[in-house]
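Thanks for making time. I will go through salt bridges, then nonpolar cores, then two helix pairs.

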Amino acid sequence: MTSDRTASSLPPLLDAVHNRETAFTNEERHKNGTLGLLPDAVETLDRQMERVLWQLDSKSNDLERFLHLNGLSQRNETLFFKVVMSDPKRFLPIVYDPTIADACLQYNRLFERPQGLYLSLRHKGHVKEILANWPEKDVRFICVSSGGRILGLGDIGANGMGIPVGKLQLYTACAAIPPQGLMPMLLDIGTTNQKLIDDPLYLGLRQAPPSSDELDAFVDELVAAIQELYPHCCLHFEDWKGDDAIRLLARYRDKILCYNDDIQGTAAITIAGLDTALSIKGEALKEQRILFYGAGSAGIGIANMIVSALQDEGLSEADARARISMMDINGLIEPSRQDLNASQEVFAHSHAATKDLAEAVRAIKPTVLIGVSTNAGGFTEEVVRTMASINDRPVIFALSNPTDKAECTAEQAYRWTDGRALFAAGVQFDDVTLNGKTLTPGQANNFYIFPAVALAVWATQARRITDEVFLEAAKATAEQVTAEQRAHGLLFPPQKDVLRVEINTAIKIARQIFKSGLAQVPEPEDIVDWIESKLYRPEYTSANGQ
């Protein structure tokens with residue numbers, strides 16, 4: 001499916017959706033008034049891509065490549081997606097994590113033109129009016145962030161707009177969702193980052209965030225406006241402060257079409273990695289003891305979804321929770337702690353208090369260690385060697401990102417376990433050769449999950465997104481790791497195949513949505529052909545809307 005958006009009032013060379021640049025034919029140049037405004041050559045899309053690849057090769061670092069591609073996306077949308085989708089393994093780390101972290105830190109200085117909708121707390125009472133300014137009237141997904149907890153960077157306020165923009169680009173690049181119905185949104189509620197407030201080039205609201213009650217009322221107004229203006233829209237919460245993330249998901253998940261990728265997407269990709277690791281070990285999830293290093297919204301989200309998966313294996317909720325222990329900056333979560341919130345208290349088990357992770361590992365004897373702490377190097381040599389001493393194949397997931405926040409590197413995990421670790425990280429580490437064997441670390445990145453979920457939800461017009469949807473996504477992702485890949489320690493499908501992987505995953509999710517009665521369209525006889533017919537392809541149409 002190519003873009004079917006109608007022509008805009010912009011001149012052809014200023015309309016990113018319909019711009020073909022040097023691919024406009026002479027006849028089209030006559031018709032649209034661009035004759036003489038372009039060089040004489042009429043080029044194919046492939047020839048244009050060849051030039052872009054040369055330009056990218058000439059850049060000295062990935063941030064420069066990010067900026068070049070970002071500019072291309074604002075100038076020629078089709079060519080941008082043609083380039084990114086041509087080599088996902090190369091370009092996903094450039095257009096998103098880890099390069100997006102550097103871009104967000106400098107967003108106020110790199111800003112050239114808006115790419116999404118900025119909804120400020122100053123707009124309270126006028127949210128519907130502001131939303132109506134968006135040019136596309138059939139919005140199907142809004143990715144909204146408050147900038148309150150961007151990757152491992154903390155609160156960066158309006159600098160966080162790069163995240164919704166990048167996430168929605170991955171909807172298209174990883175799952176071929178047509179880009180026209182996607183709206184990036186920054187909910188500017190202020191920031192706790194005084195350095196940004198004092199920066200004369202900061203573009204956001206220069207005040208502290210509001211109380212929870214005031215924020216909830218503002219989000220209520222946003223949700224009501226979305227329901228009225230865009231009745232088929234799914235609200236994707238992204239990178240909110242932990243307490244806000246958990247509270248808002250609980251507030252809306254049973255009322256509207258929405259999800260939180262940091263909570264549910266992170267949980268699903270972690271479970272996908274666990275499924276693969278346990279298939280290598282020949283063990284069941286209910287046989288595991290799991291220790292989390294980090295107990296914020298991501299850790300709680302993963303833990304809760306693991307509880308759901310364990311219940312599917314026949315355990316009671318209490319028995320499932322008993323297999324999960326958690327540790328945060330203040331130590332092991334246990335009953336004597338007085339600083340726990342309700343979502344943490346259910347994982348407070350009778351252990352001796354400690355702030356020493358290695359000591360906790362020795363006491364709990366976990367088979368799985370999951371890091372979501374953003375504490376770089378938190379998985380020390382002592383911690384990892386202790387895991388290896390009590391497990392033949394220790395499962396070690398260092399999920400914090402960007403790279404400089406990872407709890408340990410792949411090389412450390414493999415070397416300190418003599419190559420026995422089943423390892424994944426939130427970022428992509430290079431292959432490691434140890435004792436003559438090449439080990440390929442997996443990247444437990446949500447981009448395997450949320451675009452596939454979105455594709456299935458978009459196609460089926462699902463009414464709600466349940467945990468079962470994300471568990472199906474996890475299972476479908478894990479099933480696509482081959483035996484040969486598992487032999488090299490790979491826990492997720494190769495990134496180069498991400499589009500095919502996510503289409504396959506979306507097909508299985510769509511079947512689950514139809515089975516659960518959540519779809520609002522009739523179930524097709526051939527769901528594979530039906531999904532395939534809806535996919536966006538970065539190609540120029542004959543007239544290109546002009």
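Let me begin with the charged side chains. A search of the whole structure turns up 30 salt bridges. Keep in mind that this is a predicted model. I have picked out three pairs and one network.

The first pair on my list is Glu43 and Arg51. Their closest N and O atoms lie 2.7 Å apart, and they form a salt bridge. Are the two partners buried or exposed? Glu43 has a relative accessible area of 14%, so Glu43 is buried, the cut-off being under 20%. Arg51, at 40% relative accessibility, counts as partly exposed.

Next, Arg337 and Asp339. Their side chains meet in a salt bridge, with 2.7 Å from N to O. Here the basic residue is the buried one: Arg337 has a relative accessible area of 12%. Asp339 is partly exposed, at 40% relative accessibility.

Then there is Lys508 with Glu479, a salt bridge whose closest N and O atoms are 2.5 Å apart. Which parts of the chain does this pair link? Lys508 sits in helix α23, residues 498-515. Glu479 belongs to the loop between α21 (467-478) and α22 (483-487). The two residues are 29 apart in the chain, and the pair links distant parts of it. As for accessibility, Lys508 is partly exposed, with a relative accessible area of 34%, and Glu479 is partly exposed as well, at 41%.

Beyond pairs, salt bridges with shared partners tie five residues into one network: Asp216, Asp220, Asp244, Arg247 and Arg251.

Now the nonpolar side. In soluble globular proteins, nonpolar side chains tend to be buried together. In this model, the largest nonpolar core contains 124 residues. Which residues have the most contacts inside that core? They are Phe292, Ile306 and Ile531. To take one of them, Ile306 touches Ile271, Leu274, Leu285, Ile290, Phe292, Ile324 and Ile370, leaving out residues up to four places away in sequence. Another core lies apart from the largest one; it has 34 residues, including Leu187, Cys233, Trp240 and Ala245.

One polar residue to look at is Gln169, in helix α9, residues 162-175. Gln169 counts as buried, at 13% relative accessibility. What does Gln169 contact, leaving aside neighbours within four places in sequence? The answer is Ser73, Phe80, Phe81 and Val95.

Two of those, Phe80 and Val95, come up again in the contact between helices α4 and α5. The axes of α4 (residues 77-86) and α5 (residues 88-95) come within 6 Å and cross at roughly 120°. That crossing makes α4 oblique to α5. From α4, the residues in the contact are Phe80, Val83, Val84, Met85 and Ser86; from α5, they are Pro88, Phe91, Leu92 and Val95. By class, this contact has eight nonpolar residues, one polar and no charged.

The second helix pair is α17 (residues 357-364) with α18 (residues 381-390). Their axes come within 9 Å and cross at roughly 10°. The two helices are therefore roughly parallel to each other. On the α17 side the contact uses Leu357, Ala358, Val361 and Arg362, and on the α18 side Glu382, Val383, Thr386, Met387 and Ile390. This contact divides into six nonpolar residues, one polar and two charged.

That is the end of my list. I will take questions now.

Notes. Residues numbered from 1 in each chain as written. Predicted model: local features only at pLDDT ≥ 70, side-chain atom pairs only at ≥ 80, totals over all residues. Heavy atoms only, no water. Salt bridge = Lys/Arg side-chain N within 4 Å of Asp/Glu carboxyl O. Buried < 20%, exposed > 50% of the residue type's maximum accessible area, 1.4 Å probe, protein only. Helix = DSSP H or I, 4+ residues; strand = E, 2+ residues; numbered from the N terminus. Core = buried A, V, L, I, M, F, W, Y, C linked by side-chain atoms within 4.5 Å. Contact = heavy atoms within 4.5 Å. Axes fitted to C-alpha atoms, helices over the stretch in contact; angles between N-to-C directions. Parallel < 35°, antiparallel > 145°, perpendicular 65-115°, else oblique. Nonpolar A, V, L, I, M, F, W, Y, C, P; charged D, E, K, R; others polar.
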